[in-house]
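Visitor: I should like to learn how to read the features of a structural model, beginning with a single residue and ending with the whole chain. May we go through them in turn?

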Amino acid sequence: MDELTTESPAPEESPGQDTATPPPDLTVRPATPADAEEICGLLNAVDIAEVGHPETDLGTVETDLVHPEADLGRNSWLAFRRGQLVAYGLLWDDSGGERIDADHYVLPGHQDAGERLLAAIERRAVDRAAENGVTRAVVHLTLNSRPTLDRTTLTRRGWQAVRRYNVLTRPLSPAADPAPVPPPGLTLRTCESEADRRRAHALVEETFTAHHDHKPRGHEQWLADLGKGMDWSLVWIAALPGEGDVAVVLTRDDREAMAWIRNLGVRERFRGRGIAGHLLRHAFAVYAARGRATVGLGVDTENETGALSLYTSHGFAPHFAADTWEITLRVPEERYMTDRL
């Protein structure tokens, strides 16, 4: 596995320009919800190239494409070569300010298409920052540590790798994962009610505030980001007598490859009491009983709460790594001033 070198922030750049005339066999257009199956096929082909097997489910793609803030006409790109989808880009803006996020996927052997979409993402990020009334776009892109996109293309265009995340997995079985005994007084409840969903959201916001790359979300935006595949009986809030709600874990069972733990957060003054470990073991037991053989999660390798050691001590092992790449792009002064008027 490659080691991540965290470097100083990238210098502010202007968006990279494409100098070559588009090849006649390449066409680019925005995505639509009707493209979900074809996009899912592309993403799984990229998964196979990067990690050896498919990891993407159709529901995940559909959630992105029908998100109420997607604006696909301006924020998405599909590149086709002789009718075959070879690259996909998607941009979104949760911050309303400088921070812009993007996804990028390209098949091996189609680097020209990949760079063309990367350039489109950069240009649109600058436009979006101007619309937000700020003078620069700080763009983040998460890629596998050994991506199908040539990393020299990224560095040549001014991108830098700034953070590493690991996807960890753990085997499950009913024999190895019985229902755990909770710490004294700790109780769990599921989140089928609207009130408990709102409480789960509040706990996620509180417990993840200090995490690198956390972007605060309102309740409706949070629900839209989760998509329609949430089973709220697989989201648990932990409470203690006289203390109220102290922790939350969001899990989901709509991935073909594995069960997934999306968020695990314990309020700061209740950490170190075994609550996070109990929530993990509870999830293991539930998913083993449902017939799942594997559970996975993602973790920031520099997380200061000790999350990585917690997970490895509970049997998780590295599956693959992903890096966050960043570029800072200036908004031309005339654009900034025009959009301010």
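Visitor: Beyond its neighbours within four places in sequence, which residues are in contact with His 110?

Guide: In this predicted model, setting aside neighbours within four places in sequence, His 110 is in contact with Arg 81 and Val 86. His 110 itself sits in the loop between strand S5 (99–106) and H4. Across the chain, the C-alpha atoms of His 110 and Leu 149 are 8.7 Å apart, although their positions lie 39 residues apart in sequence.

Visitor: Is His 110 buried or exposed?

Guide: The general idea is a cut-off: a residue is buried when its relative accessible area is under 20%. His 110 has 13%, and therefore counts as buried.

Visitor: The helix that comes after this loop is H4. How does one check the length of H4 against its number of residues?

Guide: One compares the distance between the end C-alpha atoms with the span expected at 1.5 Å a residue. Helix H4 covers residues 111–131, so its 21 residues should span 30 Å, and its end C-alpha atoms are indeed 30 Å apart. As for cover, 15 of the 21 residues of H4 are buried, so that the helix is mostly covered. After H4 comes Gly 133, with a positive phi near 80°.

Visitor: Which residues other than glycine have a positive phi?

Guide: Two cases may be examined. Asp 71 has a phi near 50°, a positive value in a residue other than glycine. Its place is the loop between helix H2 (58–65) and helix H3 (72–75). Arg 82 likewise has a positive phi near 50° and is not a glycine; this residue belongs to the loop between strand S3 (76–81) and strand S4 (84–92).

Visitor: How are Asp 71 and Arg 82 classed by accessibility?

Guide: The class follows from the relative accessible area, with exposed meaning over 50%. Asp 71, at 35%, is partly exposed. Arg 82 has 66% relative accessibility and therefore counts as exposed.

Visitor: Let us turn to Pro 183. Where does Pro 183 lie, and what is in contact with it?

Guide: Pro 183 lies in the loop between strand S7 (160–171) and strand S8 (187–190). With neighbours within four places in sequence left aside, Pro 183 is in contact with Arg 273, Gly 274 and His 278. Pro 183 and Arg 273 are 90 residues apart along the chain, with 8.1 Å between their C-alpha atoms. At 19% relative accessibility Pro 183 is counted as buried, because the cut-off is under 20%.

Visitor: His 278 is also listed in H8. Which residues of H8 are buried?

Guide: Among them are Ile 275, His 278, Leu 279, Phe 284 and Tyr 287. In total, 12 of the 15 residues of H8 are buried, so the helix is mostly covered. The length check applies here too: helix H8 (residues 275–289) should span 21 Å at 1.5 Å a residue, and its end C-alpha atoms are 21 Å apart, which agrees. Just after H8, Gly 291 takes a positive phi of about 95°.

Visitor: What covers the buried residues of H6?

Guide: The cover includes S8, helix H7 (219–226), strand S9 (235–240), strand S10 (244–252) and strand S11 (259–266). The buried residues of H6 include Asp 196, His 201, Glu 205 and Phe 208. Helix H6 itself (residues 194–208) reaches 21 Å from its first C-alpha to its last, close to the 21 Å expected for 15 residues.

Visitor: How many helices and strands does the whole chain hold, and how is its compactness judged?

Guide: The protein chain has 10 helices and 13 strands. Its radius of gyration is 21 Å, close to the 20 Å that the globule rule gives for 341 residues, so the chain is as compact as a globular protein of that length. Of these 341 residues, 51% count as buried. Among contacts with a separation of 6 or more, 74% join residues 24 or more positions apart.

Visitor: How far apart are the mean positions of the positive and negative charges?

Guide: The mean positions of the 37 positive and 53 negative charges are 2 Å apart.

How values were computed:
Residues are numbered from 1 along each chain as its sequence is written. This is a predicted model: local features need pLDDT of at least 70, side-chain atom pairs count only at pLDDT 80 or more; totals for chains, interfaces and linings use all residues. Side-chain values use heavy atoms; hydrogens and water are left out. Helices (H or I, at least four residues) and strands (E, at least two) are DSSP runs, numbered from the N terminus. The expected span of a helix is 1.5 Å times one less than its number of residues. Buried means under 20% relative accessible area, exposed over 50%, partly exposed in between (1.4 Å probe, protein chains only). The radius of gyration is taken over C-alpha atoms; the globule rule is 2.2 Å times the number of residues to the power 0.38. Contact means heavy atoms within 4.5 Å. Lys and Arg count as positive and Asp and Glu as negative; His and the chain ends are not counted. The place of a charge is taken as NZ of Lys, CZ of Arg, CG of Asp or CD of Glu.
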